[in-house]
Amino acid sequence: MSLITYVTRIHFADRILEDALPEEMRKLAIGRPLVVTDAAAGIDEGIERLADAMPGACRPVWLEPLRDLPGAQASRIAAESFRNDDCDGIVALGGAAALDLSRRLGVRRGDRPAPLVAIPTPTASVGLGPVAGAGDQPPGTPSVILCDPTLTVGLDAAGTAACGIDALTHCIEAYLGTTYNPPADGIALEGVRRAGAHLEKAVADGRDLEARREMLAAALNAGLAAQKGLGGADAVARALEAEAGIAARHGWLHAAILPRVIAFNAPAVEERFAAIREALRLPPGMDLAAALAELGSRIGLPGRIGFLGLEEAALRRAARTAAADPVSRTNPRHATAEDYLRLLEDAW
């Protein structure tokens, strides 16, 4: 069985794109989809595979990738295309840029939200959890998600490292978050275990399908567990990426940020660190922040942010943005803009 139903319908299997997409589009009555892609969509010939897998009678409208546009402008253009071209659903293929944009559109089919098929290609966002740029507006939830590990195989080492540590960060922050959700806690810890065991293998060998499969599973766990919310590391990273103009490389700065947020949060949740250490197969009592920093270094991620060349004013703006980010509300220890600024200065 490839079908999972938790939060939404999720298929997870090798080559599930070809097996499940035609039937799911028929079930959702999608005959003229708006197809949203991004720079990550072409991994392992993803776009060609998507085009070949669509039902024969389908009349897709292919949206040009909206690179280098602010989120609100990209959403407006995509929503106008949906309406002007009489689309009846959305198919999103790629990474966070494509999946998040599709979830922000808010377009409707009749009196209901338009159905959305999400097909992740990197091992990071699977179309669940918080959406960058959505503010307090709840993002849409995909009608169905197709998790096909064979679509992720071509991702390079740097992208694999960034996506993998992003999934690991989401699992850790969901587990440590303030919301009470025992099932999500278990899902988060299982994601930590999978990422801890397979992230370095996936970075070392881009064709290791088992490692890719396990990292996609960790990303799925991260998305499901994110129903609890996330925390300060995600808030700071997104704010810093926006200031530096590298939002498309989400996860790249996590090795510099996550260990410092973990150290900041320790007074509030240190008793929960033992379960994370166990999932990562670390010795009891080992410094969790230091272990995560070492992992980031081993997979080639920067441990400092000074190379970004940001001035003090930019760091202050990033700190204020992080403090105002909705995901910061579920951080286990209340963090102000000044707290985040001290963290960024330490990471410099």
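1. A helix here is a DSSP run of H or I with at least four residues, and helices are numbered from the N terminus. With that in hand, take Ser81: this residue sits in helix α3, residues 71-84. Keep in mind throughout that you're looking at a predicted model.

2. So is Ser81 buried or exposed? Buried means under 20% relative accessible area, and Ser81 comes out at 14%, so buried is the word for this serine. Setting aside residues up to four places away in sequence, Ser81 touches Leu34, Val61, Leu63 and Cys87.

3. Stay around α3 for a moment and look at Asp86, which lies in the loop between α3 and β5 (89-94). Asp86 has a relative accessible area of 61%, so this residue counts as exposed, since the cut-off for exposed is over 50%. Check the backbone too: phi of Asp86 is near 55°, a positive value in a residue other than glycine. Ala29 is another one to click on, with phi near 55°, again positive in a residue that isn't glycine. You'll find Ala29 in the loop between α1 (16-27) and β3 (33-37).

4. Loops can hold buried residues as well. Pro55 is in the loop between α2 (46-53) and β4 (61-62), and at 17% relative accessibility it counts as buried. What does Pro55 touch, not counting residues up to four places away in sequence? The answer is Pro22, Met25 and Arg26. For a sense of distance, Pro55 and Thr123 are 68 residues apart along the chain, and their C-alpha atoms are separated by 26 Å.

5. Now the strands. Strand β2 (residues 8-12) is mostly covered, with four of its five residues buried. Four bridges join β2 to strand β9 (residues 144-147), and the two run parallel. If you want one pair to display, Ile10 stands opposite Ile145 in β9.

6. Helix α12 is a nice one to check with a ruler. Its 13 residues (312-324), at 1.5 Å a residue, should span 18 Å, and the end C-alpha atoms are 19 Å apart, which agrees. (The expected span is 1.5 Å times one less than the number of residues.) Which residues of α12 are buried? They are Ala314, Leu315, Ala318, Ala319 and Ala322. These cover an arc of only 140° around the axis, which puts them on the same side of α12. The spacing makes sense too: an α-helix has 3.6 residues a turn, so residues three or four places apart point the same way. The cover over the buried residues of α12 includes α8 (232-244) and α13 (337-347).

7. Between α12 and α13 there's a loop, and Asp325 is in it. Its relative accessible area is 11%, so Asp325 is buried. A polar atom of the Asp325 side chain lies 3.0 Å from the backbone nitrogen of Val327. Leaving aside neighbours within four places in sequence, Asp325 is in contact with Ala235 and Arg238.

8. On the far side of that loop comes α13, whose buried residues are Asp339, Tyr340, Leu341, Leu343, Leu344 and Ala347. They pack against α8, α9 (254-269) and α12. Leu344 deserves a click: not counting residues up to four places away in sequence, it touches Val236, Leu240, Ile257, Ile305, Leu315, Ala318 and Ala319.

9. Leu344 turns up again in the largest nonpolar core, which has 94 residues; those with the most contacts inside it are Ile172, Leu240, Ile257, Ile262 and Leu344. Which helix gives the most to this core? That's α7, with 10 residues. There is also a second, separate core of 20 residues, including Leu93, Val117, Ile119 and Val144. As background, nonpolar side chains in soluble globular proteins tend to be buried together.

10. Last stop: Asn221, in helix α7 (residues 209-225). With a relative accessible area of 12%, Asn221 is buried. Apart from residues up to four places away in sequence, Asn221 touches Cys171, Ile187, Glu190 and Gly191. Compare it with Thr121: the two are 100 residues apart in sequence and 16 Å apart in space, C-alpha to C-alpha.

Conventions
Residues are numbered from 1 along each chain as its sequence is written. This is a predicted model: local features need pLDDT of at least 70, side-chain atom pairs count only at pLDDT 80 or more; totals for chains, interfaces and linings use all residues. Side-chain values use heavy atoms; hydrogens and water are left out. The expected span of a helix is 1.5 Å times one less than its number of residues. Buried means under 20% relative accessible area, exposed over 50%, partly exposed in between (1.4 Å probe, protein chains only). The arc is that of the directions from the helix axis to the C-beta atoms. Contact means heavy atoms within 4.5 Å. A polar contact is a pair of N or O atoms within 3.5 Å; within protein, one must be able to donate a hydrogen and the other to accept it, and residues adjacent in sequence count only if both atoms are side-chain atoms. A nonpolar core is a set of buried Ala, Val, Leu, Ile, Met, Phe, Trp, Tyr and Cys residues joined through side-chain atoms within 4.5 Å. Two strands pair if DSSP finds at least two bridges between them.
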